[in-house]
Amino acid sequence: REFVQNHVTNHTDTVISTLVKHVEDYILATQKHQVSSEHSQAQALFLDLDMAVLGKERHAYLAYAALVRQEYLFVDHDVYCEKRAQVLETFLETPAIYGTNLFQQALEARARANVTAEIDVLKQNKIPGE
């Protein structure tokens, strides 16, 4: 929003303001990664695209999991294992990880298997890729 306000000459323009609000809503929706009835189909698809990595083939998922750890290297090993497992468990507690039928049919089962496998490793105080 700041960038638009600082660089678009007429940032009060309704189209720009509306677009910025939509983008902001999409980005904020990724904080919980859960599709609700408040989300449009476009937002549900955006969230599914953001979560698509969970449904990748196992080797690609494990590479992703190792990258997540790199992003959080400042977090103590034991704390990381505990908190990462907690975050992943929230995905399994939902009826569906993905909000669109397309992603549910294509990736849901593999995503749940990947997440479950990572949780199992984390609960052994190990981190995929280490």
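**Stop 1: H4 and H5**

Start by selecting helices H4 and H5: their axes come within 12 Å and cross at roughly 125°. Keep in mind as you go that this is a predicted model. An angle between 115 and 145 degrees falls in the oblique class, and H4 and H5 are therefore oblique to each other. Rotate the view and you'll see that H4 passes H5 in a right-handed crossing.

Now show side chains. On the H4 side, pick Tyr61, Tyr64, Ala65, Val68 and Arg69; these meet His77, Tyr80, Arg84 and Leu88 of H5. Colour that contact of H4 with H5 by class and you get 6 nonpolar, 1 polar and 2 charged residues.

**Stop 2: swap H4 for H6**

Keep H5 (residues 77-92) and add H6. Here the two axes come within 9 Å and cross at roughly 155°. Anything over 145 degrees counts as roughly antiparallel, so that is the label for H5 and H6. The handedness of the H5 and H6 crossing is left-handed.

For the side chains, select Tyr80, Cys81, Arg84, Ala85, Leu88, Glu89, Phe91 and Leu92 in H5, then Arg112, Val115, Thr116, Glu118, Ile119 and Leu122 in H6; these two sets meet. Sorted by class, the contact of H5 with H6 has 9 nonpolar, 1 polar and 4 charged residues.

**Stop 3: H4 against H6**

Hide H5 and bring H4 (residues 58-71) back next to H6 (residues 101-122). This pair packs at an angle of about 50°, with the axes 11 Å apart. H4 and H6 are therefore oblique to each other, and H4 passes H6 in a right-handed crossing. The residues to click on are Arg58, Tyr61 and Ala65 from H4, with Ala113, Asn114, Val115, Ala117 and Glu118 from H6 making the other side of the contact. By class, this contact of H4 with H6 has 5 nonpolar, 1 polar and 2 charged residues.

**Stop 4: zoom in on glutamate 118**

Glutamate 118 sits in helix H6. Is glutamate 118 buried or exposed? Its relative accessible area is 2%, so glutamate 118 counts as buried. Which residues is it in contact with, leaving aside neighbours within four places in sequence? Select Tyr61, Ala65, Arg84, Leu88 and Pro128 to see them around glutamate 118. Two of these names come from the H4 contact with H6, where Tyr61 and Ala65 take part, while Arg84 and Leu88 are among the H5 residues that meet H6.

**Stop 5: over to H3**

Next, select helix H3, residues 41-51, and highlight its buried residues: Gln43, Ala44, Leu47, Asp48 and Met51. Look down the axis: they cover an arc of only 140°, which puts them on the same side of H3.

Then pick alanine 42, also in H3. With 40% relative accessibility, alanine 42 counts as partly exposed. Try a distance label from the C-alpha of alanine 42 to that of threonine 100: the two are separated by 9.7 Å, although they are 58 residues apart along the chain.

**Last stop: zoom out**

Show the whole protein chain as a cartoon. How many helices and strands are there? You'll count 6 helices and 0 strands, and from the N terminus on the elements run α-α-α-α-α-α. Colour by burial, and buried residues make up 29% of the 130 residues in the protein chain. Finally, take the contacts in the protein chain with a separation of 6 or more: residues 24 or more positions apart account for 54% of them.

Definitions and conventions:
Residues are numbered from 1 along each chain as its sequence is written. This is a predicted model: local features need pLDDT of at least 70, side-chain atom pairs count only at pLDDT 80 or more; totals for chains, interfaces and linings use all residues. Side-chain values use heavy atoms; hydrogens and water are left out. Axes are lines fitted to C-alpha atoms, for helices over the stretch in contact, and angles run from 0 to 180 degrees between N-to-C directions. Helices (H or I, at least four residues) and strands (E, at least two) are DSSP runs, numbered from the N terminus. Angles under 35 degrees count as roughly parallel, over 145 as roughly antiparallel, 65 to 115 as roughly perpendicular and the rest as oblique. A crossing is left-handed if the near helix is turned anticlockwise from the far one by less than a right angle, and right-handed if clockwise. Contact means heavy atoms within 4.5 Å. Ala, Val, Leu, Ile, Met, Phe, Trp, Tyr, Cys and Pro count as nonpolar, Asp, Glu, Lys and Arg as charged, and the others, Gly among them, as polar. Buried means under 20% relative accessible area, exposed over 50%, partly exposed in between (1.4 Å probe, protein chains only). The arc is that of the directions from the helix axis to the C-beta atoms.
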